[in-house]
Amino acid sequence: MNTTALTPLTARRGGPLQGRVRVPGDKSISHRALILAAMAVGESTVTGLLESEDVLNTAKAMSALGAKVDRDKDGVWRVRGVGVGGFAEPEAPLDFGNSGTGCRLVIGAVAGCPIKASFDGDASLRKRPMRRILDPLEKMGAQVLEQAEGGRLPLTLQGARDPLPLEYESQVPSAQLKSAVLLAGLAAPGETTVIEAEATRDHTERLLKHFGAKIVSKPHGELGRRITLQGQPELEPADVTVPADPSSAAFPMVAALIVPGSDVVFENVMMNPLRTGLFTTLKEMGAKIEVVEKRDGGAEEVADLRVTTSQLKGVEVPPERAPAMIDEYLILGVAAAFANGTTRMRGLKELRVKESDRLEATADMLRVNGIAVEIEGDDLIVHGKGSVQGGGEVKTHMDHRIAMSALVMGLASEQPVRIDDSAFIATSFPDFTGLMRGLGADLA
Ligand code: S3P
């Protein structure tokens, strides 16, 4: 990505947002479908893959590791996998661009193979913590040959010749960490177990089952799970259909809630309960989000949702909801700014290590547009007044979700909102501006 020339964009208040849309495929499932297909023996297909920069980097990494990855003219992806433990040593460093998910999951998958591979990313990814995954992977036999300070990228990993199974009690609620250990555990004999104190998104577990692995997930404590994978399966090729990403739907949804007179239907949105914390919160705030039709979308339940403009009120968001909406606090901050009253979002520590420090970035985005915000420890407090002045320029810090949140805010604020750079939107939602303009949004 060209990071030297910035591409600013401005959002202005206009008419209502109206129409039916299908946002692109889920990012988490798209990465995992490619990786597991590459670890199966034979040809898998992926329909509805999110073709964003993050996911395309994972597809390139799978090719570099020896899988055959092709896209048909009709948009179906075909992946001929090399089997568990079968990755070939890549000739060049694997570049994951902006993507923590792609990078951490592939590091896990490589850790169980007897190959050496180097991993790198852009300036944002180079700042993000990798030690959290390297610690358990070293226990499984992988060796870190080179690393930047604190185990950050760029790093070189020697995967284990004889990987060891592990029982790992995760100290951070992270699906990427859980997934890295499970993907490494595929190549180890016996059982690999991950214990998480708070359940995080379970797409890796669901897809592992779909590809024929034996994996059992049991409740652990009040909120957690104990996940046990039987190692060294022969993964069977599978067909994966990727539902629409609820984390991408979140942006036009909040736009429809705050732009007067709006009425938008979102088709085929994934309703995995470990991803729908934002919908729960918005409903508590008074949002009109109606499930038009719910159906079984294969490995995940999906629904069509109708969203109409709503007067929102401030609420308290409990910390235990964070894993189910960890990527949605920025856009919730925007909804909270348009609500009447104070919204307190509790327990947001993990937001500090995302594509940017999202706790500070959310506060800054709102403050430059006239909203009173406080950060108290790991809590974010937004004082909504029912309307937003706007007029600010928001720094996006190489973070797609800041860019989209700020633009949504500008669609309903009194003065336009400008972002310094729209380029990173392509990491997760390449046609965001096209889809929003199609609904009637003024983005220029
Ligand atoms: C993801 C997990 C979350 C989330 C990210 C996608 C995944 O990260 O923020 O966008 O697909 O596993 P953490 O595991 O770091 O919480």
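The largest pocket in this structure is the space taken by the ligand. Keep in mind that this is a predicted model. The elements that give two or more residues to the shell around the ligand are α1, residues 27-39, α3, residues 100-111, and α6, residues 175-185. Of these, α1 gives the most, with three residues.

Which residues come nearest to the ligand? There are 14 residues around the ligand, and the nearest are Ser28, Arg32, Ser174, Asp327 and Lys354.

Let me go through some contacts with the oxygen atoms of the ligand. An N or O atom in the side chain of lysine 354 is 2.7 Å from a ligand oxygen. Glutamine 176 uses its backbone here: one of its backbone N or O atoms lies 2.9 Å from an oxygen atom of the ligand. Alanine 175 also has a polar backbone atom in this list, 3.0 Å from a ligand oxygen. How much of the ligand does the protein bury? Taken alone, the ligand exposes 390 Å², and the protein buries 96% of that.

Next, the cysteines. How many disulfides does the structure hold? The count is zero. Cysteine 103 is in no disulfide, and the nearest cysteine sulfur, that of cysteine 113, is 15 Å away. Why is there no bond from cysteine 113? A disulfide needs two cysteine sulfur atoms within 2.5 Å. The closest cysteine sulfur to that of cysteine 113 is in cysteine 103, and because the two are 15 Å apart, they are too far for a bond. As for exposure, cysteine 103 is buried, with a relative accessible area of 0%. Cysteine 113 counts as buried too, at 1% relative accessibility.

Now the backbone. The peptide bond that runs from leucine 153 to proline 154 is cis, and its omega is near -5°. You will find proline 154 in strand β9, which covers residues 152-158.

Then there are two residues to look at for their phi angles. Asparagine 268 is not a glycine, yet its phi is positive, near 60°. Asparagine 268 sits in strand β15, residues 263-270. Is asparagine 268 buried or exposed? Its relative accessible area is 15%, so asparagine 268 is buried.

Histidine 397 is the other one. Histidine 397 is not a glycine either, and its phi is positive at about 50°. Where is histidine 397? Look in the loop between β22, residues 393-394, and α12, residues 400-410. At 42% relative accessibility, histidine 397 counts as partly exposed.

Last, a pair of residues. Glutamate 167 and threonine 193 are 26 residues apart in sequence. In space, their C-alpha atoms are 4.5 Å apart. Glutamate 167 is in strand β10, residues 167-169. With a relative accessibility of 52%, glutamate 167 counts as exposed.

To go back over the main points: the ligand takes up the space of the largest pocket, and the protein buries 96% of the area that the ligand exposes when taken alone. The structure has zero disulfides. On the backbone side, there is a cis peptide bond from leucine 153 to proline 154, and positive phi values appear at asparagine 268 and at histidine 397.

Definitions and conventions. Residues are numbered from 1 along each chain as its sequence is written. This is a predicted model: local features need pLDDT of at least 70, side-chain atom pairs count only at pLDDT 80 or more; totals for chains, interfaces and linings use all residues. Side-chain values use heavy atoms; hydrogens and water are left out. Buried means under 20% relative accessible area, exposed over 50%, partly exposed in between (1.4 Å probe, protein chains only). A residue is near a molecule or strand if one of its heavy atoms lies within 4 Å of it. A polar contact is a pair of N or O atoms within 3.5 Å; within protein, one must be able to donate a hydrogen and the other to accept it, and residues adjacent in sequence count only if both atoms are side-chain atoms. Accessible areas come from the Shrake-Rupley method with a 1.4 Å probe; for residues, only the protein chains shown count as cover. On a 1 Å grid over the protein atoms alone, a cavity is a set of points where a 1.4 Å probe fits but cannot get out, and a pocket is an open set with protein on both sides within 12 Å along at least five of seven lines; lining residues have an atom within 4 Å of a point. A molecule sits in a cavity or pocket if more than half of its atoms lie within 2 Å of its grid points. Helices (H or I, at least four residues) and strands (E, at least two) are DSSP runs, numbered from the N terminus.
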